[in-house]
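Here is a quick briefing to read alongside the model. Have the sequence and the 3D view open as you go.

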Amino acid sequence: MITIAERIRVPHPPEIVWEVLSDPATVVSCIDGSELGEQHEDGTFDARLAVKFAAIKVGFAARISLDLDEAERTGRMEARGADSRGSTRVQGNAAFAVSPTATGSEVALDGVIELNGQLASLVTTGAAVVVDRMTRTFSEKLEATCAERDPATAGRGAALVPHTPAAQRLTAWLGRVWRRVRDLRASRQARTHARKSGA
């Protein structure tokens with residue numbers, strides 16, 4: 001069993017974030033390796049997801065149902081399906097909620113995924129790494145999509161700096177590199193000045 005408990009901070013108003021999360025097509029576009037399929041008369045829809053576990057890439061096809069409460073900005077999703085070979089069955093459910101914060105919104109995502117069959121042990125073993133990776137990319141794409149829809153930031157595009165853990169690590173690394181370059185430049189200038197003064 002795979003348990004998911006994620007909290008994603010997004011620097012955009014709750015109504016913008018909810019608009020994105022309540023649209024299945026947009027949500028799917030934020031998930032790497034996913035594809036939205038046919039929508040059925042009962043409101044469910046087909047979806048496909050390709051996930052890489054170590055050196056193995058596994059494709060899943062599932063039937064998904066989505067229940068939304070617009071007033072509360074909460075939703076619940078249920079999925080049932082199997083891998084492309086039919087050797088592993090998967091079923092899961094997840095609840096999500098969008099709430100306001102001082103700087104924008106927080107998305108709370110809690111869910112459980114159960115697998116049975118040939119690939120169950122492999123998928124479960126590598127789940128933590130995969131969930132972490134998918135959460136990072138989803139957070140970045142979610143924020144970028146919200147930025148396009150938010151009147152306060154629309155059109156800025158590349159000028160936006162995502163406040164995701166991955167982006168924060170990159171920003172911190174770039175800051176360290178810049179400080180190192182600055183220190184080396186200052187040291188070189190000091191040595192040059194000392195030589196000139198000595199001459």
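Let's start with H1: 6 of its 8 residues are buried, so the helix is largely enclosed by the rest of the structure. The buried ones are Pro14, Ile16, Val17, Trp18, Val20 and Leu21. Keep in mind that this is a predicted model.

**How H1 meets H4**

- Two packed helices are described by the angle between their axes and the distance between the axes.
- For H1 (residues 14-21) and H4 (residues 127-149), the angle is about 115 degrees and the axes sit 9 Å apart.
- The crossing of H1 past H4 is right-handed.
- On the H1 side, the contact is made by Ile16, Val17, Glu19, Val20 and Leu21; H4 brings in Phe138, Leu142, Thr145, Cys146 and Arg149.
- Sort the residues of this H1-H4 contact by character and you get 7 nonpolar, 1 polar and 2 charged.
- Ile16, Val17, Val20 and Leu21 turn up both among the buried residues of H1 and in its contact with H4.

**The cysteines**

- A disulfide is a covalent bond between the sulfur atoms of two cysteines.
- How many disulfides does the count come to? It comes to 0 disulfides.
- Cys30 is in no disulfide, and the nearest cysteine sulfur to its own belongs to Cys146, 7.7 Å away.
- The cut-off for a disulfide is a pair of cysteine sulfur atoms within 2.5 Å, and the sulfurs of Cys30 and Cys146 are 7.7 Å apart, so this pair doesn't qualify.
- Is Cys30 buried or exposed? Cys30 counts as buried, at 1% relative accessibility.
- Cys146 is buried too, with a relative accessible area of 0%, and this cysteine also belongs to the H4 side of the contact with H1.

**The overall layout**

- The protein has 5 helices and 7 strands.
- Along the sequence, they follow the pattern β-α-α-β-β-β-β-β-β-α-α-α.
- Of the 199 residues, 30% count as buried.
- About 12,400 Å² of the protein is exposed, with carbon and sulfur atoms supplying 54% of that area.
- Among contacts with a separation of 6 or more, 51% come from residues 24 or more positions apart.

**Two loop residues to click on**

- Ala102 sits in the loop between strand E6 (88-101) and strand E7 (104-117).
- With a relative accessible area of 87%, Ala102 is exposed.
- Ala102 and Pro13 are 89 residues apart in sequence, yet their C-alpha atoms are 9.9 Å apart in space.
- Arg73 is in another loop, running between strand E4 (56-69) and strand E5 (74-83).
- What is the phi of Arg73? Phi is near 55 degrees, a positive value in a residue other than glycine.
- At 26% relative accessibility, Arg73 counts as partly exposed.

**A lysine in a strand**

- Lys52 belongs to strand E3 (residues 45-53).
- Lys52 is partly exposed, with a relative accessible area of 49%; the exposed class starts over 50%.
- Which residues does Lys52 touch, leaving out those up to four places away in sequence? They are Lys57, Val130 and Arg133.
- Val130 is 78 residues from Lys52 along the chain, and the C-alpha atoms of the two are separated by 7.7 Å.
- Val130 and Arg133 both fall within the residue range of H4 (127-149), so by residue number these two contacts of Lys52 link strand E3 to that helix.

Key:
Residues numbered from 1 in each chain as written. Predicted model: local features only at pLDDT ≥ 70, side-chain atom pairs only at ≥ 80, totals over all residues. Heavy atoms only, no water. Axes fitted to C-alpha atoms, helices over the stretch in contact; angles between N-to-C directions. Helix = DSSP H or I, 4+ residues; strand = E, 2+ residues; numbered from the N terminus. Left-handed = near helix turned anticlockwise from the far one by under 90°. Contact = heavy atoms within 4.5 Å. Nonpolar A, V, L, I, M, F, W, Y, C, P; charged D, E, K, R; others polar. Buried < 20%, exposed > 50% of the residue type's maximum accessible area, 1.4 Å probe, protein only. Areas by Shrake-Rupley, 256 points an atom, 1.4 Å probe, with all protein chains shown as cover.
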